[in-house]
Amino acid sequence: MIELVKKLYETEDLTDDELKQLIETDNAENLAVYADRVRQKHYGKKVFLRGLIEISSYCKNDCLYCGIRRSNKSAKRYRLRYDQILECAEIGYNLGLRTFVIQGGEDGYFFDYYMCKIIHALKKNYPDCAVTLSLGERSFESYKCMKEVGADRYLLRHESADEDLYNRLHPSEMNLENRKKCLYNLKELGYQVGAGFMVGAPFQTTENLISDIRFLQELQPQMIGIGPFIPHKNTPFKNEKSGTLNLTLRMLGILRLMFPKVLLPATTALGTISSNGRILGLQTGCNVIMPNISPKEVRKKYMLYNNKIISGRETAEGLAILKQEIESAGYEVAVERGDCLK
Ligand code: SAH
């Protein structure tokens, strides 16, 4: 496999057949070495932290994998108030966070004017910070007005670039074409854009993962979010298996070599399937971690999958421990916006 990893490192691409071999190997240790080399070449040892504020667990969508899907009648629903959101940001800022990620289910309560008010306040209070949104599919006009009041980035995983798989993971009223259209609209409006997918989602094949990589090559996003699929007990996928640590790490390493300058988070889901998952992620090319700064009392209600880590290292209070872990692994926490290099 060393030849394939070297080729990927040197040319930033492989054929479909070669990718298939690399994705399916169980022996790709050198992948992490090369991925770390590329990441250090561009970003040094810096790890960028993003304060994640989960503003709503209401969602009009019914994605089959997701714990806050509308059909889950036992999901606990909440919305953060304006003052709560601003308070989360204040706490996060004082902890050294310089990006706020506003994430939520697709909740009409957070209509455009209200979102603009929130974004405007965040940018006014913290002009040195970036505001990232992750609010699902919205209209071009909605993305436009939120950009105009200062939003910088938008995370919208494409979930699967294969239409058949996309349709097996989503209800019939959702479609891949619209998801892609949203991503291109966001790009056109000047957002730094993040796409991505779950690793080991039900029915997913190696060919599906290759399609995801090809789509990312076409889109050229500034950020790529991937993490293992983890079942949620109140969804149709409750009996499916989680994605594995090894496959997720392999995909992260491949993505780092193909997208040398991309911002690549070691996700909460990766930290959930393995207590050391996020540190292993950093050692395989990741350079972003997103600590949860939502108010403690709502964290367990934003339950996308079983056993989501909600305390300890994951919380703002645990940030000191997280920093220590990052430093023990030989990396350093950067107190800056952490934009994507050109
Ligand atoms: N409503 C927003 C935010 C979704 S939550 C949106 O549509 O973009 C963020 C991500 O969590 C999703 O894009 C999905 O890839 C991931 N996710 C949802 N359920 C999951 C599960 N069961 N296991 C792992 N990741 C999951």
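In helix 1, Val5, Leu8 and Tyr9 meet Ile254, Leu257 and Met258 of helix 10, contact here meaning heavy atoms within 4.5 Å. The model is a predicted one, with local features needing pLDDT of at least 70, side-chain atom pairs counting only at pLDDT 80 or more, and totals for chains, interfaces and linings using all residues. Residues are numbered from 1 along each chain as its sequence is written, and side-chain values use heavy atoms, with hydrogens and water left out.

Back to that first pair: the axes of helix 1 (residues 2-11) and helix 10 come within 8 Å and cross at roughly 35°. Axes are lines fitted to C-alpha atoms, for helices over the stretch in contact, with angles running from 0 to 180 degrees between N-to-C directions. Helices are DSSP runs (H or I, at least four residues), numbered from the N terminus. By class, this contact has 6 nonpolar residues and no polar or charged ones.

Helix 10 (residues 245-258) also packs with helix 2 (residues 16-24), their axes coming within 9 Å and crossing at roughly 140°. That makes the two oblique to each other. On the helix 2 side the contact is made by Leu19, Leu22, Ile23 and Glu24, and on the helix 10 side by Leu247, Arg250, Met251, Ile254 and Met258. The tally by class is 7 nonpolar, no polar and 2 charged residues.

Elsewhere, helix 5 (residues 112-125) and helix 6 (residues 140-148) have axes within 9 Å of each other, crossing at roughly 20°. The pair is therefore roughly parallel (angles under 35 degrees count as roughly parallel, over 145 as roughly antiparallel, 65 to 115 as roughly perpendicular and the rest as oblique). Asp112, Met115, Cys116 and Ile119 of helix 5 make the contact with Ser142, Cys145 and Met146 of helix 6.

As for pockets (open sets of points on a 1 Å grid, with protein on both sides within 12 Å along at least five of seven lines, and lining residues having an atom within 4 Å of a point), the largest holds about 270 Å³ of space. Among its 14 lining residues, Gln220, Pro221, Lys261, Val262 and Cys340 are the closest to its centre.

Note on methods: On a 1 Å grid over the protein atoms alone, a cavity is a set of points where a 1.4 Å probe fits but cannot get out, and a pocket is an open set with protein on both sides within 12 Å along at least five of seven lines; lining residues have an atom within 4 Å of a point. Grid points are joined across faces, edges and corners, and a volume is the space filled by probe spheres set on the points. Ala, Val, Leu, Ile, Met, Phe, Trp, Tyr, Cys and Pro count as nonpolar, Asp, Glu, Lys and Arg as charged, and the others, Gly among them, as polar.
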